[in-house]
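Good morning, everyone, and thank you for making the time. Please have the sequence and the picture in front of you while I talk, and stop me if a term is unclear.

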Amino acid sequence: MKLLIIGGSGFLGGELLRRAPAAGFAAAATYSTRPPEAAGDVAWHRLDVRDPARVTGVLDEVAPSVIVNTSSGGADWAVTAEGAVRVAMAASARGCRLVHVSSDAVFSGDRGRYDETCLPDPVTPYGAAKAAAETGVRLSAPHAVVARTSLIIGDGHALSAHERHVHDLVAGTRDGVLYTDVVRCPVQVADLAAALLELAASDEGGVRHIAGPDALTRHELGVLVARRDGLDASRLPAGGLGGTSLRGALDVRLDSGMTRRRLRTRLRGAREFLAERRG
């Protein structure tokens, strides 16, 4: 099958590209500003999801059977919300299967544990944009998969944004704290990519949760990352989000039980996948 990875130059997109051939996909990918330096044999296409003509043009050029949309513009509504819906509409018009990657940011944290049946109730602009994208995608492409995930962590070689944050805090090159009252369910990027490709090759639709089983505070996660990478975890500053003027959900635990029961891919917990020191 021909697979188009939107946001292929990102952290998750790169892992999807690496794993696509073994999963039976011939992959093409998009980037927003410039392709990765090590582009390999991948066919790269520049794409601004705010441009309707460019979205349809890329899909017509690639002619994919499956699209995995990993792109996000943060709180930029035109990219994260409207762009995602634009992709879904174009995919549906061409009969393409779509896997749309969403986020646990769509939840407020008021109830703690959230399964796949829970409706979004975001408290941040980013969460609102992702929630709007989910609604638009499901209306535009009813058979699409909306895959919500949590904090994405790598293996210590190619660092995710969360891992870089830990390294910078230990080095003292960045201000801030790791929250002791913000709880998430981190997922390893290889596990996430494998699960997304498995869903892409299936005929399933609807909302799926793809997160690890371990619920950790941001600070607990930072300590595990630091220890894996041989850093001094005692240098990580700790603090609470609650009681400050900052907006953000506190306890968001994605319950991925229904999705795990339907997947062959095993979603490891952070305590397991961060136990191995990088070589």
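I will begin with the whole chain and then turn to a few of its parts.

Please keep in mind that what you see is a predicted model. The secondary structure of the protein chain comes to nine helices and 15 strands, and its C-alpha atoms fill a box of roughly 55 × 40 × 35 Å when that box is taken along the principal axes. For 279 residues, a compact globule would be expected to have a radius of gyration near 19 Å, and since the protein chain has 18 Å, the value agrees with that expectation. Buried residues make up 52% of the chain, and if we take the contacts between residues at least 6 apart in sequence, 77% of them join residues at least 24 apart.

Let us now look at a pair of helices. At what angle do α2 and α3 pack? Helix α2, residues 52–62, and helix α3, residues 77–93, pack at about 40°, with their axes 10 Å apart. An angle of 35 degrees or more is no longer counted as roughly parallel, and roughly perpendicular begins at 65, so α2 and α3 are described as oblique to each other. Their crossing is right-handed. On the α2 side the residues that meet the partner are P52, V55, T56 and L59, while α3 brings R86, V87, A90 and A91. Sorted by class, this contact has six nonpolar residues, one polar and one charged. It may help to recall that an α-helix has 3.6 residues a turn, so residues three or four places apart point the same way.

Following the chain onward from α2, we reach A63, which is found in the loop between α2 and β4, the strand at 66–69. A63 has a positive phi of about 55°, although this residue is not a glycine. Is A63 buried or exposed? Its relative accessible area is 52%, and because exposed means over 50%, A63 counts as exposed.

My last stop is helix α5, residues 161–171, in which E163, H165, V166, H167, L169 and V170 are buried. Which elements do these buried residues pack against? They pack against α1 (11–19), β8 (152–153), β9 (178–179) and α7 (218–228). After α5 comes G172, and the phi of G172 is positive, near 75°.

How values were computed
Residues are numbered from 1 along each chain as its sequence is written. This is a predicted model: local features need pLDDT of at least 70, side-chain atom pairs count only at pLDDT 80 or more; totals for chains, interfaces and linings use all residues. Side-chain values use heavy atoms; hydrogens and water are left out. Axes are lines fitted to C-alpha atoms, for helices over the stretch in contact, and angles run from 0 to 180 degrees between N-to-C directions. Helices (H or I, at least four residues) and strands (E, at least two) are DSSP runs, numbered from the N terminus. Angles under 35 degrees count as roughly parallel, over 145 as roughly antiparallel, 65 to 115 as roughly perpendicular and the rest as oblique. A crossing is left-handed if the near helix is turned anticlockwise from the far one by less than a right angle, and right-handed if clockwise. Contact means heavy atoms within 4.5 Å. Ala, Val, Leu, Ile, Met, Phe, Trp, Tyr, Cys and Pro count as nonpolar, Asp, Glu, Lys and Arg as charged, and the others, Gly among them, as polar. The radius of gyration is taken over C-alpha atoms; the globule rule is 2.2 Å times the number of residues to the power 0.38. Buried means under 20% relative accessible area, exposed over 50%, partly exposed in between (1.4 Å probe, protein chains only).
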